[in-house]
Amino acid sequence: MVAYAIDLRSDTKSLPTHAMKQAMMEAELGDDMTGEDPTVNRLEAHVAKMFGKEAAVLACSGTQSNQMGVWAHTQRGDEILLEEKSHIGSWEAGAPAILSGVTTRFIAGDQGKLDIPHLAGMLRADDQHLTPSRLLCIENTTNAGGGGCYTLEHLHRVCQWAREQGLKVHMDGARFFHAVIAQDYDPAEACRYIDTISLCFSKGLGCPLGSILVGSHADIQKARRARKIFGGALRQSGMFAAAAQYALDHHVERLQQDHRHARLFAEEIASIPGIVVDPEKVETNLVFFELERDRGYASQLSARLKELGIGIGAMGAQRLRACFYIGITAADVHQAARLVAEAMQDNLTELPVAANGPYARG
Ligand SMILES: Cc1ncc(COP(=O)(O)O)c(C=O)c1O
């Protein structure tokens, strides 16, 4: 096991703070599977209200709550529409097909975001020959798309359009609070035309686990059934709800610090020969940058950085991602950028390429 001095591979690497652990220890508990955990019930009601929706259901992970959303809106043989780099489509192990029996239609968008011109003409009718298009999934902020946000106007435009076409809309909001901070929108207003929203408490907000799905009573009831089928209905889960509530109360506003750190890191590495990054494109806590091809592959730079104690993952042949989160300080940002510069002094092409090939992601 490698202990990274500074681990920027993912914002899931954050550890719960002492105060969060304290809140977990003191949580009032009951059996959540039968709706008797008061801390879970309070969290679900609080988040539903914050998003202007009727109900919410706690889930174990972002993957689980996304898949509960897919299940709630579809039937076997339906099709869901996704941006081609989306987490639901590419990083959830084929779950839409396995769990809900739906096909996935990948659509090339713009940096992970979809708009009406990308979608128009992509819908399939309810015809016996076809897989009817039922659900549009959008991701906000985008992950592999580059860490960007939908503006309020863009979000409303595309979601309203989808509804007019008879589609349901699910948002993978694993990092939606990052978008709230970056765009300064109200969660309920932003999600006005969205049927279900999946939020993560373990990405950037510092919780050890936990996600939540928000939507109408009817959709959340279906999602609860899915959660049971997917093995995710827990008992005294109030401990995790307490961590989530603590994060909502104390760790949302501070996300702007992670956004500043991300921008600072991008600015510092932008001057390193062989590194290509546009700091202006860094909107939230994720920094995607490229290694020029003649300097080696991303996995080789990632391997050299690992030797130097810095965790930055390869996300493609030339692409890398650095994530900023609670616990990463400004000093860490400067140190990580200095060590990227040091790694770039070396001949990276002599290092081993990732075992699963230079084009492997993650
Ligand atoms: C955009 C997005 N959606 C969903 C997930 C899945 O979350 P989890 O790892 O909790 O299953 C991730 C994980 O990184 C993500 O980046």
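**Exercise 1. Find the atoms of Asn 143 and other residues that contact the ligand, and describe the shell around the ligand.**

Step 1. In the side chain of Asn 143, an N or O atom lies 2.8 Å from an oxygen atom of the ligand. This is a polar contact, meaning a pair of N or O atoms within 3.5 Å; within protein, one must be able to donate a hydrogen and the other to accept it, and residues adjacent in sequence count only if both atoms are side-chain atoms. The model is predicted: local features need pLDDT of at least 70, side-chain atom pairs count only at pLDDT 80 or more, and totals for chains, interfaces and linings use all residues. Residues are numbered from 1 along each chain as its sequence is written, and side-chain values use heavy atoms, with hydrogens and water left out.

Step 2. Lys 203 has a polar side-chain atom 2.9 Å from an oxygen atom of the ligand. For Gly 62, a polar backbone atom is 2.9 Å from an oxygen atom of the ligand. The ligand taken alone exposes 390 Å², and the protein buries 84% of that (accessible areas by the Shrake-Rupley method with a 1.4 Å probe; for residues, only the protein chains shown count as cover).

Step 3. The residues around the ligand (one heavy atom within 4 Å of it) include Ser 61, His 87, Glu 139 and Asp 172. By class, one residue of this shell is nonpolar, six are polar and five are charged. Here Ala, Val, Leu, Ile, Met, Phe, Trp, Tyr, Cys and Pro count as nonpolar, Asp, Glu, Lys and Arg as charged, and the others, Gly among them, as polar. Helix H3 (residues 62–73) gives the largest share of the shell, three residues. Helices (H or I, at least four residues) and strands (E, at least two) are DSSP runs, numbered from the N terminus.

**Exercise 2. Locate the second largest pocket.**

Step 1. A pocket is an open set of points on a 1 Å grid over the protein atoms alone, with protein on both sides within 12 Å along at least five of seven lines; a cavity is a set where a 1.4 Å probe fits but cannot get out; lining residues have an atom within 4 Å of a point.

Step 2. Of the 18 residues that line the second largest pocket, Gln 111, Gly 146, Lys 281, Phe 288 and Arg 319 lie nearest its centre. Strand E10 (residues 286–291) supplies the largest share of this lining, four residues.

Step 3. The second largest pocket lies between domain 1 (16–250) and domain 2 (255–350), because both give residues to its lining (bounds from an automatic or database domain assignment).

**Exercise 3. Find two backbone features in loops.**

Step 1. Asn 140 and Thr 141 are joined by a cis peptide bond, with omega about 0°. Thr 141 sits in the loop between strand E5 (133–139) and helix H7 (152–164).

Step 2. Ala 93, a residue other than glycine, has a positive phi near 60°. Its loop runs between helix H4 (87–90) and helix H5 (95–100).
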